[in-house]
Amino acid sequence: MGGDGRGGVGVEGGLGGALAAFAVLSAVCAVAPTIELLLVATIPVMLLADRGHVNLPLILSTLFGGWLGAASANTLNMVADADIDPRWLLTRLAARYRDTWAFAVDGLVGATPELLVRSEKGLVTSRVLAGTIRRAGAGASSEEQDLALAASLARSSKDLEEHEYAVRSVEAALRPHCSSMNVPDAPFVLNLPNVLHLATDVSGALAGGASSLTLAASLHPSAAVCGTPTNEAALVIDELEHMDRGRYAGPVGWIDAAGDGEWGIALRSGQIDIENPCRIRLFAGCGIVAGSDPVSEVAESVAKLSPMREALRDD
């Protein structure tokens with residue numbers, strides 16, 4: 001991206017299979033529940049973007065037992081006209097997305113809004129995000145529109161259901177390590193420059209002296225990035241997912257000598273190609289439950305790609 005890590009960036013991909021992929025997504029969202037299991041399937045979805053055709057593989061998850069759930073991962077391959085400097089990307093992400101945790105580890109760069117776990121002097125905290133809506137965007141009336149969107153999100157039965165499952169999985173993972181816990185009854189709306197999220201900060205008093213890394217291992221993978229029941233969902237992902245996530249959606253953070261630390265989930269990120277640093281693979285994801293609309297879910301995924309796409313712009 002030029003000598004300073006900047007330059008023109010193009011999008012790779014094709015449009016083949018788009019109609020079939022959307023048809024499958026629509027069918028999955030309408031399946032009648034029959035058994036209690038979260039199943040995960042992956043189909044390639046090709047989305048026409050403003051700069052070309054975006055390759056958007058979706059992981060579709062179905063919990064048969066009264067609801068449909070999803071942990072969907074989407075990718076976008078981009079090519080710059082020179083080597084991409086991760087320091088430049090990190091600086092831009094940290095400046096624009098101040099309510100996230102910006103990270104750069106061995107070519108994986110991103111700005112995650114989701115805190116897997118923080119452990120500090122006996123206090124354990126996890127920020128759970130599930131349930132998302134795209135912001136109105138720039139304009140004189142955008143603030144009023146965003147307020148209306150936030151109110152709609154907070155009342156959405158589909159998004160509240162999705163959020164409840166994610167909170168429940170975090171609470172269950174942390175409870176064995178805590179003497180007491182605080183789990184709010186209702187989420188709040190987290191405002192980011194590109195989207196609005198339903199968010200819940202789960203906290204607890206650490207018991208037993210588990211390190212932050214041990215806590216991260218207990219939490220990962222959460223329902224937000226895998227599904228539930230975890231073991232069954234992971235087996236199906238391994239069998240059916242036609243995409244290597246790499247480090248995407250894994251824990252990223254630090255630990256000190258006392259065991260305290262802070263670990264985020266590597267979301268809204270991109271992996272720079274080690275062999276060809278001009279190339280970067282962007283990641284984003286969305287949750288799919290029984291009330292999900294396929295078009296809306298794809299639009300949400302595109303919105304979540306915007307932090308990395310903005311950071312790569314030549315401006």
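# Why these labels?

User: What kind of pair does the structure hold one of?

Analyst: An aromatic one: this predicted model holds one aromatic pair.

User: Why is the pair of Tyr248 and Phe283 called stacked?

Analyst: Look at the rings. Their centres lie 4.9 Å apart, with the planes at 15 degrees. To pair at all, centres have to be within 6.5 Å, and planes under 30 degrees apart count as stacked. Both values fit, so Tyr248 and Phe283 are a stacked pair.

User: What makes this pair a tie between parts of the protein?

Analyst: Where the two residues sit. Tyr248 is in the loop between α6 and β12, while Phe283 belongs to strand β15 (residues 279–286), so the pair ties together parts that are 35 residues apart in sequence. Tyr248 and Phe283 are both buried, too.

User: What stands out about Ala249, and why is it called buried?

Analyst: Ala249 is in the loop between α6 and β12 (251–255). Its phi is near 75 degrees, which is a positive value in a residue other than glycine. As for buried, the cut-off is under 20% relative accessible area. Ala249 has 3% relative accessibility, so it counts as buried.

User: How do you know whether Arg268 is buried or exposed?

Analyst: Same kind of check. Buried needs a value under 20%, and Arg268 comes in at 7% relative accessibility, so it counts as buried. Arg268 also has a positive phi in a residue other than glycine, near 45 degrees. You'll find Arg268 in the loop between β13 (261–265) and β14 (269–272).

User: And why is Asp85 called buried, with 19%?

Analyst: The relative accessible area of Asp85 is 19%. Since the limit is under 20%, Asp85 is buried. Asp85 lies in the loop between β4 (72–80) and α2 (86–96). Its C-alpha is 9.1 Å from that of Gly107, and the two residues are 22 positions apart in sequence.

User: Why is α4 called oblique to α5?

Analyst: The axes of helix α4 (residues 157–174) and α5 come within 9 Å and cross at roughly 135 degrees. Perpendicular runs from 65 to 115 degrees and antiparallel starts over 145. An angle of roughly 135 fits neither, so α4 is oblique to α5.

User: Which residues make that contact between α4 and α5, and what classes are they?

Analyst: Val170, Ala173 and Leu174 do it from α4, and Leu215, Ser218 and Leu219 from α5. By class, that gives five nonpolar, one polar and no charged residues. The crossing of α4 and α5 is right-handed.

User: What makes α2 oblique to α7?

Analyst: The axes of α2 and helix α7 (residues 294–311) come within 9 Å, crossing at roughly 125 degrees. That is past the 65 to 115 band and not over 145, so α2 is oblique to α7. This crossing is right-handed. On the α2 side, Trp88, Leu89, Arg92, Leu93 and Arg96 make the contact, and on the α7 side Pro307, Met308, Glu310 and Ala311. The residues of this contact divide into six nonpolar, no polar and three charged.

User: How do you know whether the peptide bond from His220 to Pro221 is cis or trans?

Analyst: Its omega is near -5 degrees, and the bond is cis. Pro221 is in the loop between α5 (212–219) and α6 (230–240).

User: How many helices and strands does the protein have, and how many of its residues are buried?

Analyst: Seven helices and 15 strands. Of its 315 residues, 50% count as buried.

Key: Residues numbered from 1 in each chain as written. Predicted model: local features only at pLDDT ≥ 70, side-chain atom pairs only at ≥ 80, totals over all residues. Heavy atoms only, no water. Helix = DSSP H or I, 4+ residues; strand = E, 2+ residues; numbered from the N terminus. Buried < 20%, exposed > 50% of the residue type's maximum accessible area, 1.4 Å probe, protein only. Phe/Tyr/Trp six-rings, centres within 6.5 Å; stacked < 30°, edge-to-face > 60°. Axes fitted to C-alpha atoms, helices over the stretch in contact; angles between N-to-C directions. Parallel < 35°, antiparallel > 145°, perpendicular 65-115°, else oblique. Left-handed = near helix turned anticlockwise from the far one by under 90°. Contact = heavy atoms within 4.5 Å. Nonpolar A, V, L, I, M, F, W, Y, C, P; charged D, E, K, R; others polar.
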